[in-house]
Amino acid sequence: MGTTTVHAPTRSVQPIRAIAERGGTGAGIAVIVNTLLLVVGQRFIDIPAGFDPLSIGSVVTASAAGAVAATLVYILLDRIVTETDKLMTGIASFVLILSVVPVFVVAPTLAEGVGPGILVLLVLMHAVVAVASVGALTHSEVFERYREAPDQENPEQEQT
């Protein structure tokens, strides 16, 4: 009778700096896209005066905070599991679903006139943070390709 050897998947822990760079990119994308959504939303949706969740400060802060939280979770997962990207996507999906509950439960109570347009805008903003964060964090190959590409400003630089 032969013996069967089972090999555990090898795990490569990514440098925190690399993850932080990707998380920062996700945060930047989330802040920019959500700010643009806010500007467009203000043009087409009647947002009640003083509705704080759709003030520029709240949108920027919440977008950046969500992306930073996702980055911290990703760093932790990368150190304890082998399927970091897959698990991160699952966790982010679950958190996104949970994060829209207050949109429908709390947001309508914050000001008179909070209608469906505002609720859709808030849900879109939550989705933008999730997609930007998970996309940036789980697609490290894009960042590696960029890092390995020759410098366009310095054509003499060769690829190693």
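Why does Leu-119 count as buried? The legends below take up this residue after an overview of the chain.

**View 1. The whole chain is a predicted model with six helices and zero strands.** Residues are numbered from 1 along each chain as its sequence is written, and in this predicted model local features need pLDDT of at least 70, side-chain atom pairs count only at pLDDT 80 or more, and totals for chains, interfaces and linings use all residues. Side-chain values use heavy atoms, with hydrogens and water left out. Along the sequence the pattern reads α-α-α-α-α-α, where helices (H or I, at least four residues) and strands (E, at least two) are DSSP runs numbered from the N terminus. Of the 160 residues in the chain, 29% are buried, that is, under 20% relative accessible area, as opposed to exposed at over 50% and partly exposed in between (1.4 Å probe, protein chains only). Among contacts (heavy atoms within 4.5 Å) between residues at least 6 apart in sequence, 72% join residues at least 24 apart.

**View 2. Leu-119 sits in helix α5, which covers residues 116–138.** Leu-119 counts as buried because its relative accessibility is 15%. Leaving aside neighbours within four places in sequence, Leu-119 is in contact with Val-103, Phe-104, Ala-107, Pro-108 and Val-114. The C-alpha atoms of Leu-119 and Val-100, which are 19 residues apart along the chain, are separated by 9.2 Å.

**View 3. Helix α2 comprises residues 56–80 and has 25 residues.** From its first C-alpha to its last, α2 reaches 37 Å, close to the 36 Å expected at 1.5 Å a residue, the expected span being 1.5 Å times one less than the number of residues. The buried residues of α2 are Val-59, Ser-63, Ala-67, Ala-70, Thr-71, Tyr-74, Ile-75, Leu-77 and Asp-78, and what covers them includes α1 (16–44), α3 (84–105) and α5. An α-helix has 3.6 residues a turn, so residues three or four places apart point the same way.

**View 4. Ile-16, a residue of helix α1, touches Ile-75 and Arg-79 when residues up to four places away in sequence are not counted.** Ile-16 is partly exposed, with a relative accessible area of 46%. Although Ile-16 and Asp-78 are 62 residues apart along the chain, their C-alpha atoms are separated by 9.5 Å.

**View 5. The axes of α1 and α2 come within 8 Å and cross at roughly 155 degrees.** Axes are lines fitted to C-alpha atoms, for helices over the stretch in contact, and angles run from 0 to 180 degrees between N-to-C directions. The two helices α1 and α2 are therefore roughly antiparallel to each other, a term for angles over 145 degrees. Their crossing is right-handed, meaning that the near helix is turned clockwise from the far one by less than a right angle. The residues of this contact between α1 and α2, including Gly-23, Ala-27 and Ala-30 of α1 and Val-60, Ala-64 and Ala-67 of α2, divide into 14 nonpolar, six polar and three charged; Ala, Val, Leu, Ile, Met, Phe, Trp, Tyr, Cys and Pro count as nonpolar, Asp, Glu, Lys and Arg as charged, and the others, Gly among them, as polar.

**View 6. Helices α2 and α5 pack at an angle of about 35 degrees, with their axes 9 Å apart.** The crossing of α2 and α5 is right-handed. Val-59, Ser-63, Gly-66, Ala-67, Ala-70, Thr-71 and Tyr-74 in α2 meet Met-125, Val-129, Ser-133, Leu-137 and Thr-138 in α5, and the residues of this contact divide into seven nonpolar, five polar and no charged.

Notes. Parallel < 35°, antiparallel > 145°, perpendicular 65-115°, else oblique.
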